[in-house]
Amino acid sequence: ALLWGVTALTPASAHAAEYSIGPVPAWVVPVTPGVSDAAQISKGSNGVAYLLTDTQILAGEQHRVRYHRMVSTALNASGVDAIANIEIPFDPSYQALALHSIDIVRNGRVMHKLATARIRVIQREAGLEARIYDGTRTVSIFLDDVRAGDTIDYAYSTTGRNPVFKGHDFGAMPLQYGAPVARIHARLLLPLDKHATVV
C-alpha cells in the first residue's frame, strides 16, 4: 500500500477546470470486451473479473492523445468495492483530461452514470518528505448502487506531451497484468514520416 504525504482536495469550484466531459475521439477503434472463462475467474483477485483493457495512442505532430478504456465485473462484495472506486491520474501542467463515459451494465441493461457519479480532484504529493513536488493529480470517481454481478465500463483520454522529452514521444503500453484479463488491446498511431522504436 502507498502512503501519501499530503492529500489536498481541490475546491469544488475548480473541478470543472480540472477535466472535461466529451465524446470518444473519432480515430478510436471500438473494441468488444472479452469473456472471462472459469479458469480466469478462479485466478482473479479482489473479486473482480477483468474483461477489457484498451489503450490507444495518437502521436500526431501537434498533439499526443492517450485513450484508455477499462471493463470489469464484480464477482462478490469485495469486487463491488474495487470497481465502484475509479482513480485516474494525470498531470494538469501538460495534460488535459477528458472523461468519455462511465456505465454500469446490469443484466444486459446499460446505465449511464457519468452525469451522476461523485467526482473529486485530489492532489497527492507522494514525495513530499523528499521535497519532490510532481504536480500529479487524481480524478477520484465513486459510483453508488454497484452490486455483485455488475460490470463497470469507463473510458477517458489525456491530451498533451511531457515537455521533459522536448517533442519526442515516450511511453509504455502494458500487455501483462497481475490478474487475468480476457482481452488486452493496444494501438499506436504515428505520422507516416515518424519512426518508432519498440522495446
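In this predicted model, L175 sits in the loop that runs between β10 (151-159) and β11 (184-189). With a relative accessible area of 59%, L175 is exposed, because the cut-off for that class is over 50%. L175 does not stand alone at the surface, for together with Y177 and I184 it forms a nonpolar patch whose accessible area comes to about 270 Å².

From this surface patch the reader can turn to the charged side chains, among which six salt bridges are counted. One of them joins R137 to E18, with the closest N and O atoms 2.3 Å apart. This pair links distant parts of the chain, since R137 belongs to strand β9 (residues 137-142) and E18 to helix α1 (residues 15-18), 119 residues apart. E18 has a relative accessible area of 11% and is therefore buried, the limit for that class being under 20%.

A further group of charged residues is found around R106, where R106, D145, R147 and D150 are linked in a network of salt bridges. Within this network, R106 pairs with D145, and the closest N and O atoms of the two are 3.6 Å apart. Because R106 lies in strand β6 (residues 96-106) while D145 lies in the loop between β9 and β10, this bridge ties together parts that are 39 residues apart in sequence. The side chain of R106 also meets that of D150 in a salt bridge, at 2.7 Å from N to O. D150 likewise lies in the loop between β9 and β10, so its pairing with R106 in strand β6 ties together parts that are 44 residues apart in sequence.

How buried or exposed are the residues of these two bridges? R106 counts as buried at 14% relative accessibility, and D150 counts as buried at 2%, whereas D145, at 46%, counts as partly exposed.

R106 also leads to M111, a residue of strand β7 (residues 109-112). Leaving aside residues up to four places away in sequence, M111 touches I102, D103, I104 and R106, so that a contact here means heavy atoms within 4.5 Å. M111 counts as buried, because its relative accessibility is 13% and the class takes in values under 20%. Between the C-alpha atoms of M111 and I152, which are 41 residues apart along the chain, the separation is 9.7 Å.

Taken together, R106 is a point where two of these descriptions meet, as R106 is both a member of the salt-bridge network and a residue touched by M111.

Terms used
Residues are numbered from 1 along each chain as its sequence is written. This is a predicted model: local features need pLDDT of at least 70, side-chain atom pairs count only at pLDDT 80 or more; totals for chains, interfaces and linings use all residues. Side-chain values use heavy atoms; hydrogens and water are left out. Helices (H or I, at least four residues) and strands (E, at least two) are DSSP runs, numbered from the N terminus. Buried means under 20% relative accessible area, exposed over 50%, partly exposed in between (1.4 Å probe, protein chains only). Patches are made of residues with over 30% relative accessible area and no salt bridge: like charges are joined within 9 Å, nonpolar side chains (Val, Leu, Ile, Met, Phe, Trp, Tyr) within 5 Å. Accessible areas come from the Shrake-Rupley method with a 1.4 Å probe; for residues, only the protein chains shown count as cover. A salt bridge is a side-chain nitrogen of Lys or Arg within 4 Å of a carboxyl oxygen of Asp or Glu.
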